[in-house]
Amino acid sequence: MFVSTTRFGTRLSLGLSLVLLSCSPRGLVQKPEEPEDQPSVGGEGPEKTNSQDSDKKGEVIPLSGISLRPLGRFATGLFDEGAAEIVQYDTPYSRVLSLNGATLSIDVLNLSADGSLTPLSSLSVADWFADSSGPNAFEPGDLTSIAVGSAEHIAVSLAAQEKTEAGRVVVLSRETLEPEFIYTVGALPDMVTFSPSGLQILVANEGEASESIDPEGSITIIDLPTPSSPENVTTLSFEDFNVGGSRHDELDLSLLHLSPRANSIAQDLEPEFVSVSPDGSTAFVSLQEANAVAVVDLQTRRIRHVNAMGFKDHGLEANAADFNDKDGISIATHPGVFGMYQPDAIATFEAQGEVFYITANEGDARDAEEARVGDLALTDELAESAPLRLKVSAVKGQILEGENAGSHSRLFAYGSRSVSIWSALGEQVFDSGSAFERHYAENFPEFFNADQEIPAEPDTRSDNKGPEPEGVVVGSAFNRNLAFVGLERAGGIVVYDVTEPRNSQWVGFAAARSNDPELDDLGPEGFAFVPENESPTGTPLLLVGFEVSGSVRVFEVAQAE
(Lines give C-alpha, C1' and ligand atoms only; values in the text may rest on other atoms or scores of the structure.)
Protein backbone atom coordinates (compact mmCIF):
# COMPACT_ATOMS: atom_id res chain seq x y z
CA MET A 1 0.00 0.00 0.00
CA PHE A 2 1.17 3.52 -0.76
CA VAL A 3 0.45 6.57 1.33
CA SER A 4 0.89 10.27 0.70
CA THR A 5 1.40 13.43 2.67
CA THR A 6 0.45 16.92 1.63
CA ARG A 7 2.34 20.15 2.11
CA PHE A 8 0.44 20.85 5.32
CA GLY A 9 1.03 17.44 6.88
CA THR A 10 -2.50 16.10 6.36
CA ARG A 11 -2.37 12.37 5.96
CA LEU A 12 -4.31 10.57 3.24
CA SER A 13 -4.54 6.83 2.67
CA LEU A 14 -4.72 6.34 -1.06
CA GLY A 15 -4.03 2.63 -1.49
CA LEU A 16 -2.39 2.06 -4.86
CA SER A 17 -2.95 5.62 -5.95
CA LEU A 18 -1.08 8.89 -6.25
CA VAL A 19 1.67 9.72 -3.81
CA LEU A 20 2.03 13.47 -3.62
CA LEU A 21 4.56 15.98 -2.44
CA SER A 22 5.65 16.90 1.00
CA CYS A 23 7.96 19.81 1.80
CA SER A 24 10.71 19.37 4.33
CA PRO A 25 13.43 21.63 5.74
CA ARG A 26 16.74 22.02 4.05
CA GLY A 27 19.71 21.07 6.18
CA LEU A 28 22.96 23.01 6.46
CA VAL A 29 26.32 21.57 7.46
CA GLN A 30 28.67 24.01 9.08
CA LYS A 31 32.12 24.04 10.66
CA PRO A 32 31.81 23.94 14.45
CA GLU A 33 33.52 26.38 16.74
CA GLU A 34 36.85 24.95 17.87
CA PRO A 35 37.48 25.33 21.60
CA GLU A 36 40.82 26.73 22.66
CA ASP A 37 43.55 24.14 23.30
CA GLN A 38 41.40 21.40 21.80
CA PRO A 39 43.37 18.14 22.14
CA SER A 40 44.18 16.28 18.95
CA VAL A 41 41.52 13.75 17.96
CA GLY A 42 42.68 10.35 16.79
CA GLY A 43 46.14 11.80 16.34
CA GLU A 44 44.95 13.51 13.15
CA GLY A 45 44.54 17.14 14.13
CA PRO A 46 41.36 19.19 14.49
CA GLU A 47 38.29 17.84 12.73
CA LYS A 48 36.49 19.78 10.02
CA THR A 49 32.97 19.86 8.68
CA ASN A 50 31.56 20.96 5.36
CA SER A 51 29.81 24.27 4.92
CA GLN A 52 27.26 25.93 2.69
CA ASP A 53 27.14 29.64 2.06
CA SER A 54 23.82 31.41 2.45
CA ASP A 55 24.37 33.36 -0.75
CA LYS A 56 24.13 30.12 -2.76
CA LYS A 57 20.43 29.56 -2.11
CA GLY A 58 19.19 31.01 -5.40
CA GLU A 59 15.56 31.38 -6.30
CA VAL A 60 12.76 28.98 -5.40
CA ILE A 61 12.19 26.40 -8.13
CA PRO A 62 8.64 26.72 -9.51
CA LEU A 63 7.78 23.00 -9.54
CA SER A 64 4.61 22.20 -7.62
CA GLY A 65 5.46 18.60 -6.87
CA ILE A 66 6.03 15.10 -8.20
CA SER A 67 3.78 12.08 -7.75
CA LEU A 68 4.84 8.46 -7.98
CA ARG A 69 1.93 6.34 -9.17
CA PRO A 70 2.49 2.59 -8.72
CA LEU A 71 1.83 0.56 -11.86
CA GLY A 72 3.20 -2.97 -12.24
CA ARG A 73 4.73 -5.21 -9.59
CA PHE A 74 6.67 -8.46 -9.75
CA ALA A 75 7.16 -10.56 -6.63
CA THR A 76 9.64 -13.42 -6.36
CA GLY A 77 7.97 -14.76 -3.22
CA LEU A 78 11.37 -14.88 -1.50
CA PHE A 79 11.49 -12.69 1.60
CA ASP A 80 14.76 -11.27 2.97
CA GLU A 81 16.94 -13.32 0.61
CA GLY A 82 18.18 -10.56 -1.72
CA ALA A 83 15.89 -11.76 -4.51
CA ALA A 84 15.36 -8.38 -6.20
CA GLU A 85 18.26 -6.14 -5.27
CA ILE A 86 19.35 -4.45 -8.50
CA VAL A 87 17.18 -3.60 -11.53
CA GLN A 88 17.98 -2.26 -14.99
CA TYR A 89 15.91 -1.44 -18.07
CA ASP A 90 16.80 -2.63 -21.58
CA THR A 91 15.10 -0.09 -23.83
CA PRO A 92 14.92 -1.71 -27.30
CA TYR A 93 13.43 -4.89 -25.90
CA SER A 94 11.18 -3.35 -23.20
CA ARG A 95 12.84 -5.67 -20.69
CA VAL A 96 13.47 -5.24 -17.00
CA LEU A 97 16.45 -7.20 -15.69
CA SER A 98 16.39 -7.99 -11.97
CA LEU A 99 19.18 -9.68 -10.00
CA ASN A 100 18.01 -12.60 -7.90
CA GLY A 101 20.73 -13.28 -5.36
CA ALA A 102 18.72 -16.08 -3.75
CA THR A 103 18.78 -18.25 -6.89
CA LEU A 104 21.92 -16.78 -8.51
CA SER A 105 19.93 -15.84 -11.57
CA ILE A 106 18.63 -12.84 -13.52
CA ASP A 107 14.86 -12.51 -13.81
CA VAL A 108 13.93 -11.17 -17.25
CA LEU A 109 10.60 -9.31 -17.21
CA ASN A 110 8.54 -7.68 -19.94
CA LEU A 111 7.43 -4.10 -19.26
CA SER A 112 4.14 -3.51 -21.06
CA ALA A 113 2.48 -0.36 -22.34
CA ASP A 114 0.26 -0.29 -19.26
CA GLY A 115 3.27 -0.54 -16.93
CA SER A 116 2.66 -4.13 -15.91
CA LEU A 117 5.48 -6.67 -15.50
CA THR A 118 5.38 -10.19 -16.95
CA PRO A 119 8.10 -12.82 -16.38
CA LEU A 120 9.80 -13.91 -19.60
CA SER A 121 12.73 -16.07 -18.53
CA SER A 122 15.46 -16.60 -15.97
CA LEU A 123 19.19 -16.60 -16.71
CA SER A 124 21.18 -18.97 -14.49
CA VAL A 125 24.68 -17.86 -13.55
CA ALA A 126 25.78 -21.49 -13.16
CA ASP A 127 25.34 -22.03 -16.91
CA TRP A 128 28.00 -19.41 -17.68
CA PHE A 129 30.71 -21.32 -15.80
CA ALA A 130 29.61 -24.91 -16.35
CA ASP A 131 32.60 -25.64 -18.59
CA SER A 132 35.23 -23.66 -16.69
CA SER A 133 38.16 -25.66 -15.38
CA GLY A 134 41.83 -25.39 -14.58
CA PRO A 135 43.18 -21.86 -14.14
CA ASN A 136 39.95 -20.42 -15.58
CA ALA A 137 37.69 -22.20 -13.09
CA PHE A 138 35.36 -19.94 -11.15
CA GLU A 139 32.78 -20.69 -8.50
CA PRO A 140 30.32 -17.78 -8.25
CA GLY A 141 29.30 -16.76 -4.76
CA ASP A 142 27.02 -13.77 -5.30
CA LEU A 143 25.45 -11.67 -8.03
CA THR A 144 26.35 -8.11 -7.12
CA SER A 145 25.41 -5.76 -9.98
CA ILE A 146 24.09 -5.44 -13.52
CA ALA A 147 24.28 -2.62 -16.07
CA VAL A 148 22.91 -2.07 -19.58
CA GLY A 149 25.17 -0.19 -21.97
CA SER A 150 24.10 2.14 -24.76
CA ALA A 151 25.82 -0.14 -27.31
CA GLU A 152 24.96 -3.83 -27.58
CA HIS A 153 26.12 -5.16 -24.24
CA ILE A 154 24.97 -5.96 -20.72
CA ALA A 155 27.52 -6.33 -17.91
CA VAL A 156 27.05 -8.48 -14.81
CA SER A 157 29.45 -8.59 -11.85
CA LEU A 158 29.92 -11.63 -9.65
CA ALA A 159 31.83 -12.20 -6.44
CA ALA A 160 33.70 -15.45 -5.94
CA GLN A 161 32.48 -18.07 -3.48
CA GLU A 162 35.43 -16.95 -1.37
CA LYS A 163 34.80 -13.22 -1.57
CA THR A 164 38.46 -12.34 -1.01
CA GLU A 165 39.37 -13.98 -4.32
CA ALA A 166 39.17 -12.33 -7.75
CA GLY A 167 35.67 -11.77 -9.08
CA ARG A 168 34.32 -11.79 -12.63
CA VAL A 169 32.45 -9.49 -15.00
CA VAL A 170 30.37 -11.29 -17.63
CA VAL A 171 29.43 -9.31 -20.75
CA LEU A 172 26.20 -10.46 -22.41
CA SER A 173 24.78 -9.72 -25.82
CA ARG A 174 21.70 -7.52 -25.48
CA GLU A 175 20.12 -9.35 -28.41
CA THR A 176 20.64 -12.94 -27.31
CA LEU A 177 21.40 -12.56 -23.56
CA GLU A 178 24.26 -15.00 -24.12
CA PRO A 179 27.78 -14.44 -22.69
CA GLU A 180 30.27 -12.86 -25.09
CA PHE A 181 33.22 -12.06 -22.81
CA ILE A 182 34.27 -12.93 -19.26
CA TYR A 183 36.82 -10.74 -17.47
CA THR A 184 38.71 -11.33 -14.24
CA VAL A 185 38.54 -8.32 -11.92
CA GLY A 186 39.37 -7.50 -8.29
CA ALA A 187 38.02 -9.06 -5.11
CA LEU A 188 34.30 -8.58 -4.47
CA PRO A 189 33.23 -6.50 -7.50
CA ASP A 190 30.32 -4.71 -5.85
CA MET A 191 29.10 -2.49 -8.67
CA VAL A 192 29.43 -2.34 -12.44
CA THR A 193 28.43 0.43 -14.84
CA PHE A 194 29.03 1.61 -18.41
CA SER A 195 30.40 4.87 -19.72
CA PRO A 196 27.92 6.88 -21.84
CA SER A 197 29.45 5.39 -25.03
CA GLY A 198 28.59 1.88 -23.89
CA LEU A 199 32.09 0.70 -24.85
CA GLN A 200 33.79 1.12 -21.48
CA ILE A 201 32.90 -0.74 -18.27
CA LEU A 202 33.79 0.49 -14.77
CA VAL A 203 33.92 -1.90 -11.82
CA ALA A 204 34.13 -1.07 -8.12
CA ASN A 205 36.07 -3.92 -6.48
CA GLU A 206 35.34 -3.54 -2.78
CA GLY A 207 37.97 -5.95 -1.49
CA GLU A 208 36.10 -6.51 1.77
CA ALA A 209 37.95 -8.40 4.48
CA SER A 210 37.03 -11.89 5.59
CA GLU A 211 38.52 -13.17 8.84
CA SER A 212 42.31 -12.97 8.43
CA ILE A 213 42.35 -12.09 4.72
CA ASP A 214 41.95 -8.46 3.69
CA PRO A 215 42.38 -7.83 -0.06
CA GLU A 216 42.98 -4.35 -1.41
CA GLY A 217 40.16 -2.36 -2.93
CA SER A 218 40.53 -1.47 -6.60
CA ILE A 219 38.81 -0.07 -9.69
CA THR A 220 38.78 -1.97 -12.99
CA ILE A 221 38.36 -0.23 -16.35
CA ILE A 222 37.42 -2.48 -19.28
CA ASP A 223 37.53 -1.20 -22.86
CA LEU A 224 35.43 -3.57 -24.92
CA PRO A 225 36.87 -4.66 -28.27
CA THR A 226 35.68 -2.92 -31.43
CA PRO A 227 36.57 -3.46 -35.10
CA SER A 228 39.14 -0.67 -34.77
CA SER A 229 40.62 -1.36 -31.33
CA PRO A 230 41.40 -4.39 -29.15
CA GLU A 231 40.10 -4.90 -25.64
CA ASN A 232 42.00 -3.29 -22.80
CA VAL A 233 41.67 -4.11 -19.10
CA THR A 234 43.24 -1.88 -16.45
CA THR A 235 42.92 -2.28 -12.69
CA LEU A 236 43.73 0.78 -10.61
CA SER A 237 45.25 0.26 -7.16
CA PHE A 238 45.41 2.59 -4.16
CA GLU A 239 48.90 1.40 -3.16
CA ASP A 240 50.48 4.79 -3.85
CA PHE A 241 48.34 6.23 -1.02
CA ASN A 242 49.84 3.89 1.59
CA VAL A 243 52.12 5.25 4.29
CA GLY A 244 55.44 5.86 2.57
CA GLY A 245 53.78 5.80 -0.86
CA SER A 246 54.30 8.52 -3.45
CA ARG A 247 50.79 9.96 -2.97
CA HIS A 248 50.23 9.45 0.75
CA ASP A 249 50.65 13.17 1.52
CA GLU A 250 47.70 13.98 -0.76
CA LEU A 251 45.27 12.45 1.77
CA ASP A 252 43.54 14.57 4.40
CA LEU A 253 43.63 11.97 7.15
CA SER A 254 41.66 14.12 9.58
CA LEU A 255 38.57 13.85 7.35
CA LEU A 256 38.83 10.13 6.57
CA HIS A 257 37.77 7.12 8.62
CA LEU A 258 40.62 4.63 8.55
CA SER A 259 41.14 1.43 10.48
CA PRO A 260 44.21 1.03 12.71
CA ARG A 261 43.81 -2.71 12.15
CA ALA A 262 44.39 -2.57 8.39
CA ASN A 263 47.89 -3.28 7.15
CA SER A 264 47.63 -0.58 4.52
CA ILE A 265 45.42 2.31 3.44
CA ALA A 266 44.86 0.47 0.15
CA GLN A 267 43.01 -2.18 2.17
CA ASP A 268 40.86 0.47 3.86
CA LEU A 269 39.78 2.19 0.63
CA GLU A 270 36.95 -0.10 -0.46
CA PRO A 271 35.12 1.02 -3.65
CA GLU A 272 31.35 0.65 -3.28
CA PHE A 273 29.65 2.39 -6.19
CA VAL A 274 30.65 4.05 -9.48
CA SER A 275 29.03 6.81 -11.52
CA VAL A 276 30.42 8.34 -14.70
CA SER A 277 30.19 11.99 -15.71
CA PRO A 278 27.85 12.73 -18.65
CA ASP A 279 30.79 13.38 -20.98
CA GLY A 280 32.43 10.06 -20.08
CA SER A 281 35.71 11.63 -18.97
CA THR A 282 35.53 11.10 -15.21
CA ALA A 283 34.31 8.44 -12.80
CA PHE A 284 33.27 9.16 -9.21
CA VAL A 285 33.67 6.17 -6.88
CA SER A 286 32.30 6.04 -3.35
CA LEU A 287 34.73 4.64 -0.76
CA GLN A 288 32.09 4.07 1.86
CA GLU A 289 33.85 2.90 5.02
CA ALA A 290 36.66 5.42 4.54
CA ASN A 291 34.21 8.35 4.15
CA ALA A 292 35.62 9.40 0.79
CA VAL A 293 35.05 9.60 -2.96
CA ALA A 294 37.73 8.68 -5.50
CA VAL A 295 37.82 10.73 -8.70
CA VAL A 296 39.18 8.78 -11.70
CA ASP A 297 40.41 10.23 -14.99
CA LEU A 298 39.15 7.74 -17.57
CA GLN A 299 41.36 9.06 -20.33
CA THR A 300 44.65 8.67 -18.47
CA ARG A 301 43.33 5.78 -16.33
CA ARG A 302 44.60 7.40 -13.17
CA ILE A 303 43.07 8.12 -9.78
CA ARG A 304 43.02 11.89 -9.83
CA HIS A 305 41.99 12.52 -6.22
CA VAL A 306 40.71 10.82 -3.10
CA ASN A 307 38.30 13.42 -1.74
CA ALA A 308 37.72 13.10 2.00
CA MET A 309 34.10 14.05 2.72
CA GLY A 310 34.39 15.46 6.22
CA PHE A 311 31.67 15.25 8.84
CA LYS A 312 28.17 16.51 9.58
CA ASP A 313 27.69 18.48 12.80
CA HIS A 314 24.70 17.07 14.68
CA GLY A 315 24.98 19.90 17.18
CA LEU A 316 23.20 22.15 14.66
CA GLU A 317 19.41 22.41 14.64
CA ALA A 318 19.27 21.68 10.90
CA ASN A 319 21.05 18.37 11.54
CA ALA A 320 19.10 17.24 14.61
CA ALA A 321 18.49 13.48 14.86
CA ASP A 322 17.09 10.76 17.08
CA PHE A 323 19.97 8.70 18.50
CA ASN A 324 18.04 6.69 21.12
CA ASP A 325 16.10 3.54 20.22
CA LYS A 326 14.45 3.24 23.64
CA ASP A 327 12.58 6.54 24.09
CA GLY A 328 10.16 6.94 21.17
CA ILE A 329 10.53 9.83 18.75
CA SER A 330 13.00 12.37 20.13
CA ILE A 331 14.71 14.43 17.43
CA ALA A 332 17.26 16.70 19.08
CA THR A 333 20.63 18.34 18.60
CA HIS A 334 23.70 16.53 19.90
CA PRO A 335 26.79 18.71 20.43
CA GLY A 336 30.00 16.79 19.98
CA VAL A 337 28.43 14.18 17.67
CA PHE A 338 29.40 14.16 13.99
CA GLY A 339 28.02 12.04 11.19
CA MET A 340 30.39 10.42 8.72
CA TYR A 341 28.74 10.64 5.29
CA GLN A 342 29.98 7.22 4.08
CA PRO A 343 27.82 7.04 0.94
CA ASP A 344 26.64 3.89 -0.74
CA ALA A 345 25.07 4.90 -4.08
CA ILE A 346 26.33 7.88 -6.03
CA ALA A 347 24.89 9.48 -9.18
CA THR A 348 26.39 12.13 -11.44
CA PHE A 349 24.45 14.74 -13.38
CA GLU A 350 24.97 18.03 -15.18
CA ALA A 351 23.22 21.23 -14.11
CA GLN A 352 23.81 24.89 -14.92
CA GLY A 353 26.87 23.97 -16.99
CA GLU A 354 28.57 22.07 -14.15
CA VAL A 355 28.99 18.42 -13.18
CA PHE A 356 27.71 17.40 -9.75
CA TYR A 357 27.28 14.13 -7.91
CA ILE A 358 24.68 13.22 -5.31
CA THR A 359 25.40 10.72 -2.55
CA ALA A 360 23.07 8.54 -0.47
CA ASN A 361 24.82 8.73 2.90
CA GLU A 362 23.97 5.32 4.33
CA GLY A 363 26.98 4.70 6.56
CA ASP A 364 28.75 1.40 7.13
CA ALA A 365 30.80 0.05 10.03
CA ARG A 366 33.70 -2.33 10.04
CA ASP A 367 32.50 -4.86 12.60
CA ALA A 368 35.47 -4.67 14.97
CA GLU A 369 35.31 -0.87 15.20
CA GLU A 370 31.69 -0.28 16.17
CA ALA A 371 30.69 0.47 19.77
CA ARG A 372 27.86 2.02 21.74
CA VAL A 373 28.63 5.38 23.25
CA GLY A 374 27.73 4.04 26.68
CA ASP A 375 30.58 1.54 26.45
CA LEU A 376 33.24 4.18 25.69
CA ALA A 377 35.30 6.37 27.98
CA LEU A 378 34.21 9.99 27.47
CA THR A 379 35.57 13.35 28.56
CA ASP A 380 33.56 14.99 31.32
CA GLU A 381 32.21 17.66 28.96
CA LEU A 382 31.02 15.15 26.38
CA ALA A 383 29.59 12.76 28.97
CA GLU A 384 27.11 15.41 30.17
CA SER A 385 24.96 15.11 27.05
CA ALA A 386 26.26 12.13 25.05
CA PRO A 387 23.63 9.85 23.45
CA LEU A 388 24.59 6.62 25.21
CA ARG A 389 22.59 4.29 22.94
CA LEU A 390 24.13 5.53 19.68
CA LYS A 391 26.51 3.24 17.78
CA VAL A 392 29.68 5.06 16.78
CA SER A 393 33.26 4.46 15.70
CA ALA A 394 35.40 3.25 18.58
CA VAL A 395 38.59 4.32 16.78
CA LYS A 396 37.72 7.85 15.68
CA GLY A 397 37.63 10.69 18.19
CA GLN A 398 39.94 9.35 20.87
CA ILE A 399 42.43 11.57 22.65
CA LEU A 400 45.83 9.95 22.34
CA GLU A 401 47.93 11.95 24.79
CA GLY A 402 47.66 13.67 28.14
CA GLU A 403 45.40 13.29 31.14
CA ASN A 404 42.37 12.14 29.09
CA ALA A 405 44.27 9.74 26.83
CA GLY A 406 41.95 6.96 25.67
CA SER A 407 38.79 8.98 26.22
CA HIS A 408 36.59 10.26 23.41
CA SER A 409 36.21 14.01 23.10
CA ARG A 410 34.02 13.69 20.01
CA LEU A 411 31.79 10.97 18.63
CA PHE A 412 31.57 9.88 15.00
CA ALA A 413 28.38 8.13 13.90
CA TYR A 414 27.99 5.97 10.81
CA GLY A 415 26.16 7.75 7.98
CA SER A 416 24.63 11.22 8.00
CA ARG A 417 20.94 10.21 7.57
CA SER A 418 20.78 12.44 4.48
CA VAL A 419 21.62 12.92 0.85
CA SER A 420 24.25 15.43 -0.22
CA ILE A 421 25.18 17.09 -3.49
CA TRP A 422 28.82 17.85 -4.30
CA SER A 423 30.60 19.72 -7.04
CA ALA A 424 33.03 17.83 -9.25
CA LEU A 425 35.81 19.22 -7.02
CA GLY A 426 34.25 17.75 -3.87
CA GLU A 427 32.62 20.90 -2.44
CA GLN A 428 29.35 20.17 -0.70
CA VAL A 429 26.62 22.43 -2.10
CA PHE A 430 23.54 20.81 -0.52
CA ASP A 431 22.59 18.45 2.28
CA SER A 432 19.08 17.34 3.25
CA GLY A 433 19.81 17.81 6.96
CA SER A 434 17.22 16.11 9.19
CA ALA A 435 14.48 16.13 6.54
CA PHE A 436 13.98 12.36 6.44
CA GLU A 437 13.50 11.81 10.15
CA ARG A 438 11.32 14.91 10.55
CA HIS A 439 9.08 13.81 7.69
CA TYR A 440 8.46 10.41 9.23
CA ALA A 441 7.98 11.87 12.70
CA GLU A 442 5.29 14.22 11.43
CA ASN A 443 3.53 11.97 8.92
CA PHE A 444 4.38 8.30 9.50
CA PRO A 445 5.33 7.87 13.17
CA GLU A 446 4.52 4.13 13.01
CA PHE A 447 7.43 3.70 10.58
CA PHE A 448 9.80 6.22 12.16
CA ASN A 449 13.33 4.76 12.12
CA ALA A 450 11.78 1.31 11.84
CA ASP A 451 13.58 -1.76 10.59
CA GLN A 452 12.17 -3.99 7.86
CA GLU A 453 10.00 -6.29 9.94
CA ILE A 454 6.25 -6.70 9.54
CA PRO A 455 4.66 -5.28 11.59
CA ALA A 456 7.08 -2.39 11.88
CA GLU A 457 8.57 -1.47 15.23
CA PRO A 458 9.24 2.27 15.23
CA ASP A 459 12.40 3.72 16.73
CA THR A 460 14.39 0.47 16.54
CA ARG A 461 16.99 2.00 14.18
CA SER A 462 17.40 5.36 15.89
CA ASP A 463 20.64 4.19 17.49
CA ASN A 464 22.03 2.86 14.20
CA LYS A 465 21.87 5.00 11.02
CA GLY A 466 18.17 5.86 11.27
CA PRO A 467 16.22 5.75 7.98
CA GLU A 468 19.39 4.71 6.12
CA PRO A 469 19.38 6.33 2.66
CA GLU A 470 21.07 3.85 0.33
CA GLY A 471 19.98 4.13 -3.31
CA VAL A 472 19.83 7.18 -5.57
CA VAL A 473 19.33 7.84 -9.27
CA VAL A 474 18.94 11.08 -11.22
CA GLY A 475 16.69 11.42 -14.27
CA SER A 476 15.34 14.24 -16.42
CA ALA A 477 11.59 14.87 -16.67
CA PHE A 478 9.44 17.98 -17.16
CA ASN A 479 12.60 19.97 -18.02
CA ARG A 480 13.93 19.21 -14.53
CA ASN A 481 16.64 17.06 -13.00
CA LEU A 482 14.97 14.81 -10.43
CA ALA A 483 16.78 12.73 -7.82
CA PHE A 484 15.03 9.65 -6.41
CA VAL A 485 16.33 8.49 -3.04
CA GLY A 486 15.57 5.16 -1.38
CA LEU A 487 15.42 4.87 2.40
CA GLU A 488 16.44 1.27 2.97
CA ARG A 489 15.13 0.79 6.50
CA ALA A 490 12.20 3.20 6.64
CA GLY A 491 11.07 2.01 3.20
CA GLY A 492 10.19 5.32 1.55
CA ILE A 493 11.25 6.99 -1.68
CA VAL A 494 12.01 10.72 -1.62
CA VAL A 495 12.09 12.91 -4.73
CA TYR A 496 14.23 16.04 -4.93
CA ASP A 497 14.31 18.61 -7.70
CA VAL A 498 18.05 19.12 -8.22
CA THR A 499 17.82 21.36 -11.27
CA GLU A 500 19.48 24.07 -9.19
CA PRO A 501 21.73 21.89 -7.05
CA ARG A 502 22.49 24.58 -4.46
CA ASN A 503 18.78 25.12 -3.97
CA SER A 504 17.52 21.56 -4.23
CA GLN A 505 13.92 21.08 -3.15
CA TRP A 506 11.95 18.15 -1.73
CA VAL A 507 9.08 17.68 -4.21
CA GLY A 508 7.71 14.16 -3.67
CA PHE A 509 7.51 11.13 -1.43
CA ALA A 510 6.20 7.57 -1.60
CA ALA A 511 5.72 5.37 1.45
CA ALA A 512 6.03 1.78 0.25
CA ARG A 513 4.84 0.00 3.39
CA SER A 514 1.65 -0.38 5.42
CA ASN A 515 2.32 -3.43 7.64
CA ASP A 516 0.61 -5.64 5.04
CA PRO A 517 2.87 -8.59 4.09
CA GLU A 518 0.98 -9.06 0.81
CA LEU A 519 1.43 -5.48 -0.38
CA ASP A 520 4.49 -4.05 1.32
CA ASP A 521 7.69 -3.43 -0.65
CA LEU A 522 10.60 -3.42 1.79
CA GLY A 523 14.26 -2.44 1.42
CA PRO A 524 14.47 -0.20 -1.67
CA GLU A 525 17.94 -0.86 -3.03
CA GLY A 526 18.31 -0.63 -6.82
CA PHE A 527 16.88 2.22 -8.91
CA ALA A 528 16.55 2.71 -12.67
CA PHE A 529 14.99 5.76 -14.33
CA VAL A 530 13.27 5.35 -17.70
CA PRO A 531 12.87 8.65 -19.59
CA GLU A 532 9.67 9.41 -21.42
CA ASN A 533 11.15 8.82 -24.88
CA GLU A 534 12.30 5.30 -23.93
CA SER A 535 9.24 4.27 -21.91
CA PRO A 536 6.65 1.81 -23.25
CA THR A 537 3.97 3.78 -21.37
CA GLY A 538 4.96 7.08 -23.01
CA THR A 539 5.60 8.58 -19.56
CA PRO A 540 8.74 8.69 -17.39
CA LEU A 541 9.06 5.69 -15.09
CA LEU A 542 11.00 4.73 -11.97
CA LEU A 543 11.91 1.08 -11.47
CA VAL A 544 12.80 -0.02 -7.96
CA GLY A 545 14.19 -3.30 -6.70
CA PHE A 546 13.18 -4.06 -3.12
CA GLU A 547 15.82 -6.34 -1.61
CA VAL A 548 13.96 -7.48 1.51
CA SER A 549 10.49 -8.12 0.06
CA GLY A 550 12.02 -9.59 -3.09
CA SER A 551 9.84 -7.45 -5.35
CA VAL A 552 10.17 -5.08 -8.29
CA ARG A 553 7.87 -2.09 -8.58
CA VAL A 554 7.16 0.21 -11.52
CA PHE A 555 6.21 3.82 -10.72
CA GLU A 556 4.91 6.40 -13.15
CA VAL A 557 6.57 9.76 -12.52
CA ALA A 558 4.08 12.61 -12.95
CA GLN A 559 3.60 16.21 -11.97
CA ALA A 560 1.31 16.52 -8.98
CA GLU A 561 -2.08 17.98 -9.80
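The following exchange covers the strands, sheets and burial of a predicted model.

Trainee: How many helices and strands are in the protein chain?
Mentor: Both kinds of element occur in this predicted model. The protein chain holds 4 helices. Its strands number 35.

Trainee: What percentage of the residues in the protein chain is buried?
Mentor: Buried here means under 20% relative accessible area. The protein chain has 561 residues. Of these, the buried share is 59%.

Trainee: What part of the exposed area of the protein chain do carbon and sulfur atoms supply?
Mentor: The protein chain exposes about 21,100 Å². The part supplied by carbon and sulfur atoms is 45%.

Trainee: Among contacts between residues at least 6 apart in sequence, what percentage joins residues at least 24 apart?
Mentor: The count starts from contacts in the protein chain between residues at least 6 apart in sequence. Those joining residues at least 24 apart make up 57%.

Trainee: Are the side residues of strand β26 buried or exposed?
Mentor: In a regular strand, side chains alternate between the two faces of the sheet. In β26, residues 411–414, L411 and A413 lie on one side, with F412 and Y414 on the other. Both faces are covered, and these four residues are all buried.

Trainee: Which residue in β26 is the bridge partner of F338?
Mentor: Strand β21, residues 337–340, runs parallel to β26, and 4 bridges join them. F338 has its bridge partner in β26, and that partner is F412.

Trainee: Why is one side of β8 and of β11 left without a neighbour in the sheet?
Mentor: The open sheet has 4 strands in the order β8-β9-β10-β11, with antiparallel pairing. β8 (140–148) and β11 (179–187) stand at its edges, so each has a single partner strand. Neighbouring strands of this sheet are turned against each other, direction ignored, by an average of 25°.

Trainee: Which residue in β11 is the bridge partner of L172?
Mentor: Strand β10, residues 166–173, runs antiparallel to β11 and is joined to it by 6 bridges. The bridge partner of L172 in β11 is P179.

Trainee: Which strands stand at the edges of the sheet β22-β23-β27-β28?
Mentor: This is an open sheet of 4 strands with antiparallel pairing. An edge strand here has a single partner strand, so one of its sides is left without a neighbour in the sheet. The edge strands are β22 (346–351) and β28 (428–431).

Trainee: Which residue in β23 stands opposite F349?
Mentor: β22 and strand β23, residues 354–360, run antiparallel and are joined by 6 bridges. The residue of β23 opposite F349 is F356.

Definitions and conventions. Residues numbered from 1 in each chain as written. Predicted model: local features only at pLDDT ≥ 70, side-chain atom pairs only at ≥ 80, totals over all residues. Heavy atoms only, no water. Buried < 20%, exposed > 50% of the residue type's maximum accessible area, 1.4 Å probe, protein only. Helix = DSSP H or I, 4+ residues; strand = E, 2+ residues; numbered from the N terminus. Pairing = 2+ DSSP bridges. Contact = heavy atoms within 4.5 Å. Areas by Shrake-Rupley, 256 points an atom, 1.4 Å probe, with all protein chains shown as cover. Axes fitted to C-alpha atoms, helices over the stretch in contact; angles between N-to-C directions.
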